[in-house]
Amino acid sequence: MPDGLPGELTPPFEFSLAFVEPGRVLEFGDSHIVYPYKSVTKLFAAWATLVAIERGYVDLGDEVAIGHSGERIVTLRHLLAHASGLSFRTDDFEAEVEEKRIYSNRGIEVAAKHVETATGTDFSRWTEEVVLEPLGLIETLIDGSPAHAGEGSIRDLIVFGRELLRPTLIGEELANEARQTVFPGLRGLTPGFGSYSDNTWGLGLEIKNQKVRTWFPRSASPQTFGHFGQSGSFLWIDPLSGRSAAFLGVEPFGAWHKKHWQRLSDFFYDTY
């Protein structure tokens with residue numbers, strides 16, 4: 001256990017933090033405390049969907065009807081990559097398909113419903129059976145929207161981060177597709193950090209690429225991927241260095257997180 005964080009990087013609220021690199025884990029706070037994940041839940045939803053693909057229940061090219069009356073046909077790939085045009089939380093449209101990256105809770109929920117229908121299993125139960133239980137994530141619970149209803153501990157996020165880095169539940173080929181930019185060149189907004197001319201996302205994973213005004217560490221490679229949540233949560237993984245970090249706390253995302261998250265992660269890259 002390291003001595004501590006620099007004063008200016010120490011959150012003024014209860015938190016749990018872990019920084020992982022090959023061969024060791026640095027922890028700050030209690031790694032067993034359960035906090036809300038909010039949108040970090042989408043990482044679990046994406047992985048559970050990929051397991052369904054790996055097992056042949058669904059395919060990324062599956063056509064899915066969306067909108068208030070099913071008037072638009074998109075693919076499961078569009079939904080996971082936030083490229084369907086669905087608005088943030090409703091069945092309204094904010095763009096045409098592949099016109100713009102519209103970050104959408106609703107799109108993830110529709111994708112999960114498609115998996116639920118194909119597997120004949122409630123999606124929360126499916127996620128528990130094919131992701132949480134095999135990985136031993138005993139402190140993680142997803143009961144409600146697959147886009148934002150999860151909660152769990154730093155300990156569980158560390159384990160899940162290892163799965164995202166070196167998958168055991170899906171094949172490497174599918175994992176690589178999920179961790180690379182899907183529909184490159186789409187402009188779009190990442191809540192809390194503004195618009196990008198190329199808002200790079202994979203299949204349910206945000207990808208750093210060339211983003212500068214972002215929560216990802218400056219020192220991490222462009223291939224770094226992950227997700228953050230409005231509960232003040234994040235998980236990122238750098239596949240080139242093998243490093244990752246997870247953060248949870250009692251304070252919802254706000255000015256402190258926007259100012260310090262990137263600096264906090266860079267502290268680890270520069271110090272350890």
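A helix here is a DSSP run of type H or I with at least four residues, numbered from the N terminus. Keep that in mind as you work through this predicted model.

**Exercise 1. Place Asn 105 in the structure and decide whether it is buried or exposed.**

Step 1: Look for the helix. Asn 105 lies in helix α3, which covers residues 105–119.

Step 2: Apply the cut-off. Buried means under 20% relative accessible area. Asn 105 has 9% relative accessibility, so it counts as buried.

Step 3: List its company. Beyond the neighbours within four places in sequence, Asn 105 is in contact with Ser 39, Lys 42, Phe 88, Ala 147 and His 148.

Step 4: Pick out the polar partner. The side chains of Asn 105 and Lys 42 are joined by a polar contact of 2.5 Å.

**Exercise 2. Work out the strand order of the open sheet that contains β3, β7 and β6, and find its edges.**

Step 1: Write down the order. Three strands make up this open sheet, arranged β3-β7-β6 with antiparallel pairing.

Step 2: Find the edges. β3 (35–38) and β6 (141–142) are the edge strands, as each of them pairs on one side only.

Step 3: Check one pairing in detail. Three bridges link β3 with β7 (residues 150–152) in the antiparallel sense. Within that pairing, Tyr 35 has Gly 152 of β7 as its bridge partner.

Step 4: Add the helix. Helix α1 (residues 41–54) lies across β3, β6 and β7, and runs at about 60° to β3.

**Exercise 3. Explain why strand β11 is described as largely enclosed.**

Step 1: Count the buried residues. In β11 (residues 225–229), five of the five residues are buried, so the strand is largely enclosed by the rest of the structure.

Step 2: Look at each face. Phe 225, His 227 and Gly 229 are buried on one side, while Gly 226 and Phe 228 are buried on the other, leaving both faces covered.

**Exercise 4. Find the strands that pair with β11, and describe the hairpin it forms with β12.**

Step 1: Start with β10 (residues 206–207). This strand pairs with β11 in the antiparallel sense over two bridges, and Glu 206 stands opposite Gly 226.

Step 2: Move on to β12 (residues 233–238). Five bridges join β12 to β11, and the two strands run antiparallel. Here Phe 225 has Ile 237 as its bridge partner.

Step 3: Inspect the turn. The hairpin of β11 and β12 has three residues between the strands, and Gly 232 takes a positive phi near 85°.

Definitions and conventions
Residues are numbered from 1 along each chain as its sequence is written. This is a predicted model: local features need pLDDT of at least 70, side-chain atom pairs count only at pLDDT 80 or more; totals for chains, interfaces and linings use all residues. Side-chain values use heavy atoms; hydrogens and water are left out. Buried means under 20% relative accessible area, exposed over 50%, partly exposed in between (1.4 Å probe, protein chains only). Two strands pair if DSSP finds at least two bridges between them. A polar contact is a pair of N or O atoms within 3.5 Å; within protein, one must be able to donate a hydrogen and the other to accept it, and residues adjacent in sequence count only if both atoms are side-chain atoms. Contact means heavy atoms within 4.5 Å. Axes are lines fitted to C-alpha atoms, for helices over the stretch in contact, and angles run from 0 to 180 degrees between N-to-C directions.
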